[in-house]
Amino acid sequence: MLSFVKSLSRPQKRNIMLGVDSVLIPLALLLAFSLHAGSSGAGSALEMMHSYLQVLPLLLLAAGALSIFLGVSAIQLNAYETAAIGLTGAFSIALVMVSVLLATAVQLPMVISTHIVFGISFFIFSISSRAVLLQVVLAIYRRSSVRCRVLIYGAGTTGTQLVSALRTHEHIEPVAFVDDNKALHGLVVARLHVYSPVRIAEIAAEKQIDRVLLALPSLSLPKQAQISRRLKKLGLEVQTLPSFAQLIGEEALVDKLTDVEPALFLNRDEVENVTGNGGVESYQGKTVLISGAGGSIGSELCRQVMQCRPAKMVLFELSEVALYRVDLELRQLAEETDTEIVPILGSVTDGRQVRRILSDHDIQVVLHAAAYKHVPLVESNPLTGLANNVLGTQTLASEAAKAGVERFILISSDKAVRPANVMGASKRLAELVIQDLATRVPAGEGPVYTMVRFGNVLGSSGSVVPLFQEQLRRGGPITVTHRDVSRYFMTAQEAVHLVLRAGAMAKGGEVFVLDMGKPVPIERLARQIVESAGYTVRDVITPDGDIEIEFIGLRPGEKLTEELTVTGNLTGTSHRKILSADEAALSEIEIASVLSALRSALAAGDEQAAKEVAMRWVEGYSQAVRTAHDAQAQAAPAS
């Protein structure tokens, strides 16, 4: 039966409706004659009908022509609504007028009221027959196909309009409403019961729900995301319905959560001239190797060094995807210069590869940004972190001396100061390696070794800003480790600009520290990100806010605040944003002992032995670890 219905063409469907009307017209006439006959009964009505038979064929022909002209027979059953009913009314009036003309022409004894009753009867029969036919066709579809049973979240205007639209759909069946409005619970809206959202799991099981449609376009996107995530945890498929204003273009059909530029969260002015027009001569016309070229800092180093017009840039990167992206970007920039771009896939821990690269390309400047920097990951993988950050630095820096490199700049971190985690300890050990090499280079006979220390980079991979923005897209909560945690922040552009300036002014062995302003409370940063997206924070003061900030407790190896120097001694330089730290160094014998013990621990796969090497030689590490453990034990997650 279903295949027969689907096989009907549009003209065939029109002919069927013309046939239906041809049957309804005699029935309507018979009813009109019966009412006119009154007490005479059906026999009198049949006599009048018999007299009318001489004009009935003409009436049926006129009805067919009018139906085609007005388009009544062409209206699909599932589109039969207010406008179609109006056309049917006009069709009925036209039939009455034709009936009057025909009856008058053959002098039939019919009063005008009989004609009017005929028109009204046909109008009612026509509407009723189409409604019945629609239900018959829908019943055939429902019995012959698998239907998706949907639960509609939101019994407002959008929800009721959605139900009306879905009722004629052959594959979707609206089953019930759920709504947060308690006043609607237990009511029937658009012939569907309205339930409380707390009963969704029960309703889904009882009514065999396949999908939930969120008909809540006026609700903020974070709250929609929260509802969607809660429903998905119940194993339900969830889809969101845009508002009708969005569908017709009155409102933008886009995600409201457009990322805000990280610099807006600095709460201070950025360093000017971030293109690196100071110290250009240290990179112009040189062959520059940038390790970790595909990372957040490495890629920005590539962009700004490119503006200095080096002769060649060697991009040294462990990640194939990251190297591909930065190489593609730089080749487009290099079209305006004569800079040669050389992408090399490899690791700074591979001594033979490092030696070959430095020799084959006659490297003059090394910007060493390759490092594992994510605190929790390095804390979980200490051997890998120490091997890459410490031994990789030692390999690249020592081979640079043998290859006659002019300058070697290590990108360091403020987490290297009295570190409470393996990542920070590895960066401090890397600094100690560079400090040692700098003391062993005769003046003017080897590389100028230096290092630049700065804090978190806003918007970089793994930093809090993109993390918070992603949590915001998911509807929250935004997770902050502790109410009192704070960090120093810079943008990648200003950090790299200052790194290049510091590298150009270096004489050898300096530990440069960048002025990053005051530390930023992370809770305040989280609030700024929520408010910058146009939403409110849900807390005790605003319980109806959009996004909650959840405090989850300090992670292993995490401190409440970071420091810039071990000794606290900072002196100025020729640039107001670049300071020099007076940091103690280890002797050549001590560094050799560190590297030997670390290699032994790595060869044995002994994580504890590797950590003990760092605890012994990195000032403040063991004490910071104990302090962090105590703070973590005392600071229970706040709600």
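Guide: Angles between helix axes are sorted by size: under 35 degrees counts as roughly parallel, over 145 as roughly antiparallel, 65 to 115 as roughly perpendicular, and the rest as oblique. The structure above is a predicted model, in which local features need pLDDT of at least 70 and side-chain atom pairs count only at pLDDT 80 or more, while totals for chains, interfaces and linings use all residues. Residues are numbered from 1 along each chain as its sequence is written, and side-chain values use heavy atoms, with hydrogens and water left out.

Visitor: How many helices and strands are there in the protein?

Guide: The protein has 22 helices and 22 strands. These are DSSP runs numbered from the N terminus, a helix being H or I with at least four residues and a strand being E with at least two.

Visitor: Why are H16 and H21 called oblique to each other?

Guide: Axes are lines fitted to C-alpha atoms, for helices over the stretch in contact, and their angles run from 0 to 180 degrees between N-to-C directions. The axes of H16 (residues 422-439) and H21 (residues 607-617) cross at roughly 60° and come within 10 Å. That angle belongs to none of the three named ranges, so the pair is oblique. In this pair, Val 422, Ala 425, Leu 429 and Leu 432 of H16 are in contact (heavy atoms within 4.5 Å) with Lys 611, Ala 614 and Trp 617 of H21.

Visitor: What makes H20 and H21 roughly antiparallel?

Guide: The axes of H20 (residues 588-604) and H21 cross at roughly 165°, coming within 8 Å. This angle is over 145 degrees, and the two helices are therefore roughly antiparallel. Trp 617 of H21 takes part here too, among the residues that meet H20.

Visitor: Why is H15 called roughly parallel to H16?

Guide: The axes of H15 and H16 come within 9 Å and cross at roughly 15°. Being under 35 degrees, this angle makes H15 roughly parallel to H16. The residues in contact include Leu 386, Val 390 and Ala 397 of H15, and Val 422, Leu 429 and Val 433 of H16.

Visitor: How do you know that the length of H16 agrees with that of a helix at 1.5 Å a residue?

Guide: The expected span is 1.5 Å times one less than the number of residues. For the 18 residues of H16 this gives 26 Å, and the end C-alpha atoms are 26 Å apart, so the two agree. H15 (residues 382-402), with 21 residues, reaches 29 Å, close to the expected 30 Å. H15 also bends by about 30° at Leu 391, the bend being the angle between axes fitted to the seven residues ending there and the seven starting there.

Visitor: What makes Asp 362 count as exposed, and Ala 190 as partly exposed?

Guide: Buried means under 20% relative accessible area, exposed over 50%, and partly exposed in between (1.4 Å probe, protein chains only). Asp 362, at 52%, is therefore exposed, whereas Ala 190, at 28%, is partly exposed. Asp 362 lies in the loop between H13 (351-360) and S10 (365-368) and has a positive phi of about 50° although it is not a glycine. Ala 190, in the loop between S3 (188-189) and S4 (192-195), has a phi near 55°.

Visitor: How do you know that H15 and H16 are mostly covered?

Guide: In H15, 18 of the 21 residues are buried. In H16, 17 of the 18 residues are buried. Buried residues make up 50% of the 639 residues in the protein.
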